[in-house]
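User: I am new to this structure and would like a close look at a single part of the picture. Please take me carefully through the pairings between charged side chains, and then add whatever helps to place them.

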Amino acid sequence: MSGVLEGHVFAPLTPDARLMFAVQSEVDRTPTEADPNEQRAISAVKSGDAGPYDYLVSKYMKRVVSIAWGIVRNADDAEDLAQEAFVKAYQTIERFKPGEPFGPWIYRIVTNLALDVLKHRQRFRHEELTDSHPAARGDRADLAAVSNELARRIDAAIQALPEMQRVVARLFLVEHFEHAEIAAMTQLSEGTVRSHLSLARAKLRERLADLYEGRND
């Protein structure tokens, strides 16, 4: 894929203010309008013109990196996974259905790649993410950007969840994906996604009980 992604500068991971409200409130999940420039870019790439693919990379890179980081919790790995996801999407662009938004497709690709990294870690490091013994954290430098104490508390509470509860919670509460979108991205049934999210929320409410004082939801 000559020229595509070459020289692309990854923006550093920045504090995500949504963490402060992830547990306490719902967010606006109104669908975004279709992007005609995106469809033109996809058509051009399918016709052999790699140049317009830069538009898709620029549009979705930040969120793709964010999704990957939320799962693997390492900035370098997240950036590598994002680039791998865009390369894979480019190489398989002929499979992309005309008229559909590019976002859900690239999100599904990077999520599956990131989950594969987790499986690789478990297989070779023999670590398990459990309620009482969360896996060792070797990426404290990545969390330096999360400067707010409340954000750090919520982030730590989510990170301590069992693996799939953590993944689903981050995709829903932090990345703001719908249940059906998460199901497609993780290859789980929508019912399983809802179950993971329900369990995750119950544990987050317990660990962050003081944040829920005076709330009825």
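Analyst: A search of the whole structure, which is a predicted model, finds seven salt bridges. One of them joins the side chains of Glu175 and Arg63, with a distance of 3.5 Å from N to O. This pair links distant parts of the chain, since Glu175 sits in the loop between α6 and α7 while Arg63 belongs to helix α2, 112 residues apart. The two partners can also be described by their surroundings: Glu175 is buried, with a relative accessible area of 4%, whereas Arg63 counts as partly exposed at 27%.

Another salt bridge is formed by Asp210 with Arg153, whose closest N and O atoms are 2.9 Å apart. Here too distant parts of the chain are linked, Asp210 lying in the segment after α8 and Arg153 in helix α5, 57 residues apart. Asp210 is partly exposed, with a relative accessible area of 39%, and Arg153 is likewise partly exposed, with a value of 29%.

A salt bridge within one helix is the pair of Arg194 and Glu190, with the closest N and O atoms 3.2 Å apart. Because these residues are four apart in helix α8, about one helical turn separates them. Arg194 is partly exposed at 43% relative accessible area, and Glu190 is partly exposed at 33%. Elsewhere, salt bridges that share partners join Asp35, Glu38 and Lys59 into one network.

Charged residues also appear in a negative surface patch, which is formed by Asp76, Asp80, Glu84 and Asp116. Helix α3, covering residues 75-91, supplies the largest share of this patch, namely three residues. Glu84 is found in that helix, and it is partly exposed, with a relative accessible area of 42%.

To place helix α2 further, it helps to turn to the aromatic rings, for which the structure holds nine pairs. Tyr53 and Phe102 form one that is edge-to-face, with 6.2 Å from centre to centre and 90° between the planes. Tyr53 lies in helix α2 and Phe102 in helix α4, so this pair ties together parts that are 49 residues apart in sequence. Tyr53 is buried, with a relative accessible area of 0%, and Phe102 also counts as buried at 0%. Tyr107 and Phe177 make another edge-to-face pair, at 5.1 Å and 65°; Tyr107 is in helix α4 and Phe177 is in the loop between α6 and α7. These four residues are among the members of one aromatic cluster, which also includes Trp105.

Technical notes
Residues numbered from 1 in each chain as written. Predicted model: local features only at pLDDT ≥ 70, side-chain atom pairs only at ≥ 80, totals over all residues. Heavy atoms only, no water. Patch = residues over 30% accessible without salt bridge, like charges linked within 9 Å, V, L, I, M, F, W, Y side chains within 5 Å. Areas by Shrake-Rupley, 256 points an atom, 1.4 Å probe, with all protein chains shown as cover. Salt bridge = Lys/Arg side-chain N within 4 Å of Asp/Glu carboxyl O. Lys, Arg positive; Asp, Glu negative; His and termini not counted. Charge placed at Lys NZ, Arg CZ, Asp CG, Glu CD. Helix = DSSP H or I, 4+ residues; strand = E, 2+ residues; numbered from the N terminus. Buried < 20%, exposed > 50% of the residue type's maximum accessible area, 1.4 Å probe, protein only. Phe/Tyr/Trp six-rings, centres within 6.5 Å; stacked < 30°, edge-to-face > 60°.
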